Amino acid sequence: MTTTLDVAKIRQDFPILERRVHDKPLVFLDSAASSQKPLAVIEAMDYYYRTTHANVHRGVYTLSEEATEQYEGARKKIAKFINAKSSREIIYTRNTTESINLVAFTWGRSNLRSGDEILLTESEHHSNIVPWQMVAKEVGAKVRYIPIDARGYLDTSALDTLLTKQTKIVGIASMSNVLGTIMPIEMVIKRAHEVGALVLIDGAQGVPHLPTDVQAMGCDFMAFSGHKMCGPTGIGVLWGRRELLEAMPPFMGGGDMIRKVTFEGAEWNELPWKFEAGTPAIAEAIGLGAAVDYLSNLGMDAVRAHERETIAYALERLSEVPGLTLIGPDDPDRRGGVATFTLDNIHPHDLADILDHEGIAIRAGHHCAQPLHQKLGIPASSRASFYIYTLREEVDRLVDGLYKAKTIFKR
Ligand code: 7TS
């Protein structure tokens, strides 16, 4: 099989991949939880701290001006990466979770009323469920869910009854972190807009793994995290259409988000700073800018092509293992690089522990999607997830590890 990415070369950019775990070469198969970081990102942050650090937007001195330039420069790179109309639409947050909370609590509190409906899907991550449940409780709105069918696809036929005039916002992940399903978001957006509802895309999995163009997609908000796309932890993004963000009240109050403060009150700063109270994660934003450069150089079409090949190979290899049940779509064209499964009746935590002793890191548990696991009728599952540095041989190592686990549990 040929791949459009030079994976061997890419691996040289990731120092952590040289590590050994339990005296075996590390096989890192948990990038859906958080990806590893290339030298370009590590060095950009290191260089910033060594040469440029000062607080942003404040001092009229060289260091502060340079720090501001780099912090704002990263915003422009991110805007280009997702094809936002303007970098003013890029709000820095800590992560996807904070981005969704920002929308739920600012847009939600000012726009949702008793009787309104928030429409999510059954496969959402807790971070695209819980904030909505919280705001719904506060304002008397109702949260409803688009079902997932037995094969792991969104049951779009349910939209006929679920999308009504009461629906004010639809929240959907562009790619599920458990099923791997690439969701038909363009269609959902079109249908939601027909009833006048807004659409928030949880891009935590989609943005790192698929080409993203918010204007072509036509969504209203998009949330994503830096740490799943080669960037550092502690930095995430909320993108929103400018007119929506302009109309929303601030999320937190404090320094930087104001234009003017008196003892009586305050006027808000303009976008995007209205939503960025306090000293921001400067080095992390610069690191995310470097991550965006890194991914852009590889090309997101090539990233997707590599992951499509890897998941196709993984689905083929994993389905050979007796007692293994794969969860999610079997069509690699509609699935990202996420392979979730159960094996015999081995508890996923036991399995992850055995694999760890083989140097293999997978995620075990409910992957912050308890309602989906309830629907699937299983308490937990095991998940191997892939990224730009994943080799076919690592999928083979996983399969060997699974056979080993089966022998251990037969004894
Ligand atoms: N939405 C989706 C679809 C996710 O996969 C995750 C993280 C989040 C939201 C939350 O992102 P955060 O950066 O705010 O934490 N998913 C996972 C996972 O699958 N395993 O660990 C974290």
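Visitor: Which way do the residues of E8 point?
Guide: This is a predicted model, and in it Leu198, Leu200 and Asp202 point one way from E8, while Val199 and Ile201 point the other way. All of them are buried.

Visitor: Why the back and forth?
Guide: In a regular strand the side chains alternate between the two faces of the sheet.

Visitor: OK, and how many of the residues in E8 are buried?
Guide: The strand covers residues 198–202, and 5 of its 5 residues are buried, so "mostly covered" is the label E8 gets.

Visitor: Which way does E7 run against E8, parallel or antiparallel?
Guide: Parallel, with 5 bridges joining E7, residues 167–173, to E8. Within that pairing, Ile172 stands opposite Ile201.

Visitor: What do E7 and E8 make together with H7?
Guide: A right-handed β-α-β unit, with H7 spanning residues 185–194.

Visitor: And E9, how many bridges does that pairing with E8 have?
Guide: There are 3 bridges, again in the parallel sense, and E9 is residues 221–225. Ile201 turns up here too, standing opposite Met222 in E9.

Visitor: Switching topic. Where does Asn128 lie?
Guide: Asn128 is in the loop between strand E5 (117–121) and helix H5 (130–139).

Visitor: Buried or exposed?
Guide: Asn128 counts as buried because its relative accessibility is 0%, and the cut-off for buried is under 20%.

Visitor: What does the side chain of Asn128 make a polar contact with?
Guide: The side chain of Trp132, at 2.9 Å.

Visitor: Leaving aside the sequence neighbours within four places, which residues is Asn128 in contact with?
Guide: Asn128 is in contact with Ile100, Leu120, Gly171, Ile172, Ala173, Leu200 and Asp202. You've met some of those names already: Leu200 and Asp202 point one way from E8, and Ile172 is the residue opposite Ile201.

Visitor: Now Lys168. Where does that lie?
Guide: Lys168 lies in strand E7.

Visitor: And how exposed is Lys168?
Guide: Lys168 is partly exposed, because its relative accessible area is 26% and partly exposed sits between the 20% and 50% cut-offs.

Visitor: Which residues does Lys168 touch, not counting those up to four places away in sequence?
Guide: Trp107, Leu112, Asp116, Glu117, Ala197 and Leu198. With Asp116 there is also a polar contact of 3.4 Å joining the two side chains.

Visitor: Last one: how far is Lys168 from Arg317?
Guide: Their C-alpha atoms are separated by 43 Å, and the two residues are 149 residues apart along the chain.

Note on methods
Residues numbered from 1 in each chain as written. Predicted model: local features only at pLDDT ≥ 70, side-chain atom pairs only at ≥ 80, totals over all residues. Heavy atoms only, no water. Helix = DSSP H or I, 4+ residues; strand = E, 2+ residues; numbered from the N terminus. Buried < 20%, exposed > 50% of the residue type's maximum accessible area, 1.4 Å probe, protein only. Polar contact = N/O pair within 3.5 Å; in protein donor to acceptor, adjacent residues only side chain to side chain. Contact = heavy atoms within 4.5 Å. Pairing = 2+ DSSP bridges. Right-handed = clockwise from strand over helix to strand, strands pointing away.
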